[in-house]
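User: I've got a model open and I'd like to test the labels people hang on it. Please set each value against its cut-off.

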Amino acid sequence: MKVVIIGGGKVGSSLSYNLSNEQNDVTVIDYNAAALKRIQDTQDVMCIEGDGADASVQRDAGVNKAGLLIATTPYDELNILCCLIAKRLGVKRTVSRVRNPVYFKQMDLIKEDLGLSMVINPELITADEILRILMFPAAARVEVFAKGRMELVEHKLCENSILEDRSLADIYKRNKIQFLICAVERDGKIFIPSGDFILRAGDKINVAASHQNLETFFKTIGTLKNRVKTVMIVGGGKIAHYLAAYLLGIGMRVKIIESNYEKCKELAETFTKATIIHGDGTDQDLLNEEGIGEVDAFVALTGIDEENIIMSLYAKKNSDAKIITKINRDSYSDLASQMGLDCVVSPKNLTASGILSFVRSLDTSTGNNIDALYHIVGNKVEALEFRINSDNEKLIGIPLKSLKIKKNILICGILRKRDVIIPNGDDCIQRGDSVIVIAKDYHFSDIEDILD
């Protein structure tokens, strides 16, 4: 598919990289020559310097022949305008990044009038991710499928875990719980494990199950943590705005530390039940004064990755809090993990996953839609939810053990009406099911692609 991206910043460059790697014909438009050079030096995409809202620039990029235009500049109004112009020039579909809470709240009213196929809000997506983790503090990441009926959580095995030195087959036999360990990261290597795989301390495991079964599983292995009641947030930007609204709405106590006085005033007026502190979150004395040692969770959300890492490391050393760190640079994510910060969120990666899911759905030829796509295990593995809408004779009604599935592919869940099925070899896929697939080394747009 031909894709035009307007905006070569963090989100735009991440999208161009992922979409071009999936054999799409990608063109990036930006007025910043330096940003375009960084993309050109590392990616096989076409770059055009100019104003994305200029119809002549869009024509030069071939918008009239494109299947999709994605506007990801920092300015909501500009993104919407670029999409309107592209629609008039003949692009089939448009995606706009809209970050302003006021605008985003009204998008459902005018989305169709503006001709937008999709509206995405990186800050809201990130707040959603953080909320899921805070609701399940034993996990480093939580991804949801089928509107929350099934979850995929990441957890790091500690020393002397009861799972250490045991095979998965033995673990499943001893625990009469419906769950599946579907991906393991060990020393930088990724495994889609079979039953004879033996777990070690330090392994990052990804476990799929219903929420109730996950709670039972973590309780059984002794790592189910108390529910979060108090949260300290450093950084009062848009993510903090969405997150505070969520947390206060479910009765948590929230304290926000922000260095910009005007932002503090705005937050205090918006969230009267929250405690707003004007100060520097990197000041260790301030963190101590505000009770970092007593909070249940600490969330670093400033716009500077280095500051977020430093604050999180201090919180890790001086509290038992659940620590969540916002990082955008991929190289810093690996560094943070090496330092023991296992719960890292990246707005640009979350946004890219959301848009990639939409693009892959456009590519499907059988009508089996992709309802969700997540990048897990350091973005090296994909978890996809396919909705089975067709009577596919290659898949429907055939026991999974009889399907010739490619290597490093695992069907980890089948959602059928109200039932969550952790499948064995005798289970079959039926029309109307949602099927959760874990894939390493592949990029699928159709569930048929899992077959060898």
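Analyst: First, the vocabulary: helices are DSSP runs of H or I with at least four residues, strands are E runs with at least two, and both are numbered from the N terminus. The model is predicted, so local features need pLDDT of at least 70 and side-chain atom pairs pLDDT 80 or more, while totals for chains, interfaces and linings use all residues. Residues are numbered from 1 along each chain as its sequence is written, and side-chain values use heavy atoms, without hydrogens or water. By that helix rule, glutamine 23 sits just after H1, with a positive phi of about 70 degrees.

User: How do you know that the length of H1 fits its 12 residues?

Analyst: The expected span is 1.5 Å times one less than the number of residues. For helix H1 (residues 10-21) that gives 16 Å, and the end C-alpha atoms are 17 Å apart, which agrees.

User: Why does threonine 351 count as buried?

Analyst: Buried means under 20% relative accessible area, exposed means over 50%, and partly exposed is in between (1.4 Å probe, protein chains only). Threonine 351 has 1% relative accessibility, so it counts as buried. This residue lies in helix H14 (residues 347-363). Beyond neighbours within four places in sequence, threonine 351 is in contact (heavy atoms within 4.5 Å) with Val11, Ile120, Pro122 and Ile125. Val11 is itself one of the buried residues of H1.

User: What makes the largest nonpolar core a core?

Analyst: The term covers buried Ala, Val, Leu, Ile, Met, Phe, Trp, Tyr and Cys residues joined through side-chain atoms within 4.5 Å. The largest set has 29 residues, and Ile130, Val231, Ile233, Leu243 and Leu247 have the most contacts inside it. Elements supplying at least two residues each include helix H6 (122-135) and strand S12 (230-234). A second, separate core of 23 residues includes Ile48 and Cys82.

User: What makes S7 and S8 a pair?

Analyst: Two strands pair if DSSP finds at least two bridges between them. S7 and strand S8 (residues 150-156) have five, and run antiparallel. Their open sheet has the order S7-S8-S11-S9-S10. Strand S7 (141-145) and strand S10 (189-191) are its edges, each pairing on one side only.

User: How do you know that the radius of gyration agrees with a compact globule?

Analyst: Over C-alpha atoms, the globule rule is 2.2 Å times the number of residues to the power 0.38. With 452 residues the rule gives a value near 22 Å, and the protein has 23 Å, so the two agree.
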